[in-house]
Amino acid sequence: RVGGVKTGSMRQLWNEGLLEMCQGEVADIEITTEEIDSKEYAVETELKYNVEIVEIIVKDKPKKPPLSIENFKLMDLDHNGILLESELRAYTEGLKIGLMDGMLDQMVETFFSLYDTNKDHEITREEFRLVHAEL
């Protein structure tokens, strides 16, 4: 059995088992056809996996800090210690990196969702420093 889940799709049962594990943990995951909501298996089958979680990669958070306080100073075009969306947009456009349609908006939105901790549409040097230190 996988965790407290009694029935579900194979993927749901597999994911449930993995979600209970931590990095470095080794565990056996056992799933029987009785637990799978599927007609795929004509006979009673028991699937056993010995799994080790070697590394957990979080997709939404970069592994290494991508920017330094020096980058903040470059993006803060009016040098007032506050980064606005318009400044980030102008700075990025000035790099001439050829972003596809919509990518600049997505990049600005992602950047502000990460660094604008109080959600006031401004990133202070302090907000940037604190978030950057956590990364």
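What follows is a walk through the helices, salt bridges and a few single residues of this protein.

The model is predicted, and its overall layout is a good place to begin. The protein has five helices and four strands. Going along the sequence, these elements come in the order α-β-β-α-β-α-α-β-α. Of the 135 residues in the protein, 27% are buried. Contacts can also be sorted by how far apart the partners sit in sequence: among those between residues at least 6 apart, 46% join residues at least 24 apart.

Helix H4 takes up residues 103-115. Its length works out nicely: with 13 residues at 1.5 Å a residue, H4 should span 18 Å, and its end C-alpha atoms are indeed 18 Å apart. The buried residues in H4 are Leu104, Val108, Phe111, Phe112 and Tyr115. Looking down the axis of H4, these buried residues fall within an arc of 95°, so they line one face of the helix. Gln106 and Glu109, on the other side of H4, are exposed.

Next come the salt bridges, and the structure holds three of them. One links Asp105 to Arg89, with the closest N and O atoms 2.6 Å apart. Asp105 belongs to helix H4 while Arg89 belongs to helix H3 (residues 85-94), so this pair ties together parts that are 16 residues apart in sequence. Both partners are partly exposed: Asp105 has a relative accessibility of 46%, and Arg89 has a relative accessible area of 25%.

Another salt bridge joins the side chains of Lys73 and Glu70, at 3.6 Å from N to O. These two sit three residues apart in helix H2 (residues 69-75), so about one helical turn separates them. Lys73 is partly exposed at 38% relative accessible area, and Glu70 is also partly exposed, at 47%.

Helix H5 has a salt bridge too, between the side chains of Arg129 and Glu126, at 2.5 Å from N to O. Here again the partners are three residues apart in the helix, so they are separated by about one helical turn. Arg129 comes out as partly exposed with a relative accessible area of 42%, and Glu126 as partly exposed with 41%.

Staying in H5, which covers residues 125-134, there is Glu127. What does this residue do for a charged partner? Glu127 is buried yet has no salt bridge. The nearest side chain of opposite charge belongs to Lys119, and that is 7.7 Å away, whereas a salt bridge needs the two atoms within 4 Å. Glu127 does have a polar contact, though: its side chain meets that of Thr117 at 3.0 Å. Setting aside neighbours within four places in sequence, Glu127 is in contact with Tyr115, Asp116, Thr117, Asn118 and Glu122. One of these, Tyr115, is also among the buried residues of H4.

Ala133 is in helix H5 as well. Is Ala133 buried or exposed? With a relative accessibility of 63%, Ala133 counts as exposed, because the cut-off for that label is over 50%. Ala133 and Ser68 are 65 residues apart along the chain, and their C-alpha atoms are separated by 9.5 Å.

Note on methods:
Residues are numbered from 1 along each chain as its sequence is written. This is a predicted model: local features need pLDDT of at least 70, side-chain atom pairs count only at pLDDT 80 or more; totals for chains, interfaces and linings use all residues. Side-chain values use heavy atoms; hydrogens and water are left out. Buried means under 20% relative accessible area, exposed over 50%, partly exposed in between (1.4 Å probe, protein chains only). Lys and Arg count as positive and Asp and Glu as negative; His and the chain ends are not counted. A polar contact is a pair of N or O atoms within 3.5 Å; within protein, one must be able to donate a hydrogen and the other to accept it, and residues adjacent in sequence count only if both atoms are side-chain atoms. Contact means heavy atoms within 4.5 Å. The expected span of a helix is 1.5 Å times one less than its number of residues. The arc is that of the directions from the helix axis to the C-beta atoms.
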